[in-house]
Structure formats: structure tokens, C-alpha cells
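Q: Please take a close look at one part of this model. Begin with a single side chain and work outward from there.

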Amino acid sequence: MLTVISFVFSPIAENTYVLYNEAGDCIIIDPGCYFGNERRELEQYISENRLLPKYLLNTHCHLDHVFGNKFIHDTYMLEPYVHSNEQVVLENAGLAGLMWNLPFDNYTGGLQFLREGDVIRLGKDELKVLYTPGHSPGHVCFYCSAQHFVIGGDVLFMLGIGRTDLPGGNFETLVNSIRTRLLVLPDETIVYPGHGVSTSIGFEKANNPFLQ
Ligand SMILES: [Zn+2]
Ligand SMILES: [Zn+2]
């Protein structure tokens, strides 16, 4: 059984997720911790709850989702798992930081690559990788079918969808990803997005203006 904890980090208000099981093993998804106090908050949560980080996952590599990649790598010796189509986005994240006036120390080490259908295993718990491009070229979501939730990144928000005006973005591709990968999930599936509050597949199916 996974417990899902979220933090809101950086001036971009990005949701960072920590998922942990009964044994204390945990997965860090999209560490957006930008400031030193945010990094300390995340590190303290992990140490105070005696968690052992086993995976660093990125739904995608826009700057706000990777601000803390190097910190997590250096602290817990974890290589980020990303889709190969995100490698170029990650390489450009440092430059994007300068453009957005949010300079940061970008992670430049080795990567582990994710593909559609891969399963991330933490003890008995599983997250399935869903390939959901459109907001960025190699965006993925992490679906836990046993507990009916998906870590959705910047694909589907409450009453909104991800922006498609950034490099590698495409509106039709994004809507197609949402329809073929997310709306097919059970209505009760909780969506934990990269920004803002959580929602559910059923609620978005019925109310999201971009999906009617
Ligand atoms: Zn994004
Ligand atoms: Zn974002």
C-alpha cells in the first residue's frame, strides 16, 4: 500500500510527490524544490519518517519539475528515470532557468529510460508507465491501478489541460494522450497533477471544458 504525500515547491508552485510503503521505501517524483529551505523540508520529511528513497522519477523535464534533480541525486545517489524523448528537454532546462530568471544547478549525469508499459516496483506495489506526450515530447504518467490513482504531471488538471506552446508541445497530441491513456482509466481514479489540486478521471470526463 502506497501513501502519497505532496509538497508545493518553487515560485512556479509545482507539486512534488513522495510515495512510500509500509517498509519505508519511497519514490520521489518531480522534485521541484528550488530554494534551500524547500530542499531541507523534503530531506527532513524523508529522514523524520525514516524513508529510504529508491527511485527518482520525472513525469517530464520542464524546469519546475527538475529543479531538485541534482539535489536528490547527490543526496540519495539516485539516477532520474525519464522517457528518452525528454532528454533534450532536460538538457535545455538549465537555459530555460536563465530565461525564466530562475537559475539552478541542472542535473547532467546518467539517466534511466522509461517506456510505455514499464512497471516501477516498490515492494509489492506497482506503478505503470503511461506515455502521454503533447505537453512535452516524452511526458509520462505513473498509474497505480491497485489504489486507483495516477501521478499525472502536466497533462490533465482540474478543469484544465497542460499548455502546448512550449517546445515539443502539440495540442492534438495532448488531447489524444488524455483520451487514450487517462480517460480510459476507471472514473474513481484520482489524478495527482503537477500543479494545483487533485481531481478524478470521472469529474474531468464530465466537466473539463477541453474534453467535451
Ligand atoms: Zn511542464
Ligand atoms: Zn509544471
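A: Start with Glu126, which is partly exposed at 39% relative accessibility. Here buried means under 20% relative accessible area, exposed over 50%, and partly exposed in between (1.4 Å probe, protein chains only). The model is predicted, so local features need pLDDT of at least 70 and side-chain atom pairs pLDDT 80 or more, while totals for chains, interfaces and linings use all residues. Residues are numbered from 1 along each chain as its sequence is written, chains are lettered from A and ligands numbered from 1 in the order written, and side-chain values use heavy atoms, without hydrogens or water.

Confidence comes next. The mean pLDDT (the predictor's confidence in each residue, from 0 to 100) is 98 for the protein. 100% of its residues reach 70 or more. Among the elements, E9 has the highest mean, 99, and helix H4 (residues 87-99) the lowest, 97. Helices (H or I, at least four residues) and strands (E, at least two) are DSSP runs numbered from the N terminus.

Back to Glu126. Its side chain meets that of Arg121 in a salt bridge, 3.1 Å from N to O. The term covers a side-chain nitrogen of Lys or Arg within 4 Å of a carboxyl oxygen of Asp or Glu. Arg121 is partly exposed too, with a relative accessible area of 47%. The two residues also meet through the backbone pairing: Glu126, in E8, is the bridge partner of Arg121.

That pair belongs to a hairpin. E7 and E8 run antiparallel and are joined by four bridges. Two strands pair if DSSP finds at least two bridges between them. Two residues lie between the strands of this hairpin, and Gly123 takes a positive phi near 60° there.

Now follow the sheet from E8. E8 pairs with E9 over four bridges, in the antiparallel sense. Val129 has Phe142 in E9 as its bridge partner. E9 in turn is joined to E10 by three bridges, and these two strands run antiparallel. Here Phe142 stands opposite Ile151 in E10. Phe142 therefore appears in both pairings, with Val129 and with Ile151.

The whole open sheet has six strands, in the order E7-E8-E9-E10-E13-E14, with mixed pairing. E7 and strand E14 (199-200) are the edges; each has a single partner strand, so one side of each is left without a neighbour in the sheet.

Side chains from these strands help build the largest nonpolar core, which holds 17 residues. Such a core is a set of buried Ala, Val, Leu, Ile, Met, Phe, Trp, Tyr and Cys residues joined through side-chain atoms within 4.5 Å. Leu19, Ile27, Ile29, Leu57, Ile120, Leu127 and Phe142 touch the most other members. Strands E2 (14-20), E3 (25-29), E4 (52-57), E7 (119-122), E8 (125-131), E9 (140-144) and E10 (149-153) each give two or more residues to this core. E9 gives the largest share, three residues.

Leu127 shows how these strands come together. Leaving aside neighbours within four places in sequence, its contacts (heavy atoms within 4.5 Å) include Leu19, Ile27, Leu57, Ile120 and Phe142. Leu2, Asp118, Val119, Tyr143, Cys144 and Phe149 are also in contact with Leu127.

What other salt bridges are there beyond the hairpin? The whole structure has six salt bridges. Glu116 forms one with Arg181, with the closest N and O atoms 3.2 Å apart. Glu116 lies in the loop between strand E6 (112-114) and E7, and Arg181 in helix H5 (residues 171-182), so the pair ties together parts 65 residues apart in sequence. Both ends are partly exposed: Glu116 has a relative accessible area of 38%, Arg181 one of 26%.

Asp187 and Lys205 meet in another, at 2.9 Å from N to O. Asp187 lies in the loop between H5 and strand E13 (190-193), and Lys205 in helix H6 (residues 201-207), so this pair ties together parts 18 residues apart in sequence. Again both are partly exposed, Asp187 at 41% and Lys205 at 36%. Elsewhere, Lys70, Asp74 and Asp105 are linked in a network of salt bridges.
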